[in-house]
Amino acid sequence: MWLRVLGSAAGGGFPQWNCGCPNCRAVRAGSRPARPRTQSSIAVSADHQRWFLFNASPDIRAQIEAFPALRPGAGRATPLQAVLLTDAELDHTLGLLLLREAKSVELHATAAVRETLCRATAILRTLEAYCAVTWREVVPGAETQLGGGLSYRAFDVPTNKRNRFGPGREHGRVVGYRLTDANTGRTAVYLPGVQELTPAVLDELAGGDCLLVDGTCWHDDEMIRLGLAGKTSRDMGHLPIAGPDGSLRRLAALPAERKIYVHLNNTNPVLLDDSPERRTVEQHGVEVATDGLEVRLTS
């Protein structure tokens, strides 16, 4: 199985266009060692020929161009087979509109996510005006074949985050994916948004060879401390890294071969290569994703 981190930042990217926080100032000025990052998405393949996109960020065009394996062949033949969504957030779905030149798009999403894309944001209705869209319903717990030996099993991720688009389905608003390569038996888990590592979610992470997990904020009140927002990380649907109830302690205890933080907010100090927070994460055996990071899981 091949995994490519196309974008490693949270919504807005790094630096964020309207943000003058210490991190964004440092990466713009080059005053601290840090790399710019695009918005969160990964590509996965079992044969390096057919690729599956997990979330479609607004930066998808640049991300495809930066990865030769995703570039088109003759004419408009593309190795991109389908898009799988973890939720209906704009930073994970706006890129669908940039795929409108395709003859058709195969979209895997839960009923709750599809409902939001149709009735609230209208992204799916707009896309359907340009090209054919085949919706494959994602049912948590069901094993689904993708191709080339690659399959997935989605799992529900509990959240009490307010639905900004009004009342809707509660289950299936946020999911993670457990991916299996039948050719090698290796597994990976993609979980870019999680509010709490419940026993059920930890069970899904257990036994995974590679874990790509939500690392949005370092502190729960990070945005409040910086005077940038009135919400905590948990309020926004993301478990912070630090603290006794944070994700790092639990993630470090898992035996996975690779453990990687993705979906990093521009305010998170781990984005600075020389920060003590980055050292702490690495000392716990966890990596901080960069755009272009590749993972190959072989037998």
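**Exercise 1.** List which residues G215 touches, not counting residues up to four places away in sequence, and place G215 in the structure.

*Solution.*
Step 1. Leaving out residues up to four places away in sequence, the contacts of G215 are I241, Y261, V262, H263, L264 and N268. The model in which these contacts are found is a predicted one.
Step 2. Locate the residue along the chain: G215 belongs to the loop between strand 11 (210–214) and helix 7 (222–225).
Step 3. Decide whether G215 is buried or exposed. Buried means under 20% relative accessible area. G215 has 0% relative accessibility, so G215 counts as buried.
Step 4. Compare sequence and space for G215 and P240: they are 25 residues apart in sequence, and their C-alpha atoms are 6.8 Å apart.

**Exercise 2.** Describe the largest nonpolar core and say which elements give two or more residues to it.

*Solution.*
Step 1. The largest nonpolar core has 32 residues. The members that touch the most other members are L191, L197, L205, L211, L251, Y261 and V281.
Step 2. Two or more residues of this core come from each of helix 1 (22–29), strand 10 (186–191), helix 6 (199–205), strand 11 and helix 8 (247–252).
Step 3. Another core, of 28 residues, lies apart from it; V44, L150, Y177 and L179 are among its residues.
Step 4. Take L205 as one case. Not counting residues up to four places away in sequence, L205 touches R178, V189, L191, L197, L211, V213 and L254.

**Exercise 3.** State how many aromatic pairs the structure holds, and work through two of them.

*Solution.*
Step 1. There are 4 aromatic pairs in the structure.
Step 2. One of them is W51 with F67, with 5.1 Å centre to centre and 85° between the planes. Planes over 60 degrees apart count as edge-to-face, and this pair is edge-to-face.
Step 3. W51 is in strand 3 (residues 51–54), while F67 is in the loop between helix 2 (60–65) and strand 4 (80–84). The two residues are 16 residues apart, and the pair links distant parts of the chain.
Step 4. W51 counts as buried because its relative accessibility is 1%. F67 counts as buried because its relative accessibility is 4%.
Step 5. F54 and Y190 also form an edge-to-face pair, at 6.2 Å centre to centre and 80° between the planes. F54 lies in strand 3 and Y190 in strand 10, so this pair ties together parts that are 136 residues apart in sequence.
Step 6. At 0% relative accessibility, F54 is buried, and Y190, at 0%, is buried too.
Step 7. F54 and Y190 belong to one aromatic cluster with Y152 and Y177.

**Exercise 4.** Find where the charged end of R100 sits, and where R114 lies.

*Solution.*
Step 1. The ring under the charged end of R100 is that of Y130, whose centre is 5.8 Å away.
Step 2. R114 lies over the face of W135, 4.4 Å from the ring centre.

**Exercise 5.** Explain why strand 1 (residues 2–7) is described as largely enclosed, and find its partner strands.

*Solution.*
Step 1. Of the 6 residues of strand 1, 6 are buried, so the strand is largely enclosed by the rest of the structure.
Step 2. Strand 1 pairs with strand 14 (residues 294–296) in the antiparallel sense, over 3 bridges. Here R4 stands opposite E294.
Step 3. Strand 1 is also joined to strand 2 (residues 41–45) by 5 bridges, and these two run antiparallel. In this pairing V5 stands opposite I42.

Terms used. Residues numbered from 1 in each chain as written. Predicted model: local features only at pLDDT ≥ 70, side-chain atom pairs only at ≥ 80, totals over all residues. Heavy atoms only, no water. Buried < 20%, exposed > 50% of the residue type's maximum accessible area, 1.4 Å probe, protein only. Contact = heavy atoms within 4.5 Å. Core = buried A, V, L, I, M, F, W, Y, C linked by side-chain atoms within 4.5 Å. Helix = DSSP H or I, 4+ residues; strand = E, 2+ residues; numbered from the N terminus. Phe/Tyr/Trp six-rings, centres within 6.5 Å; stacked < 30°, edge-to-face > 60°. Lys NZ or Arg CZ within 6 Å of the ring centre and 35° of its normal. Pairing = 2+ DSSP bridges.
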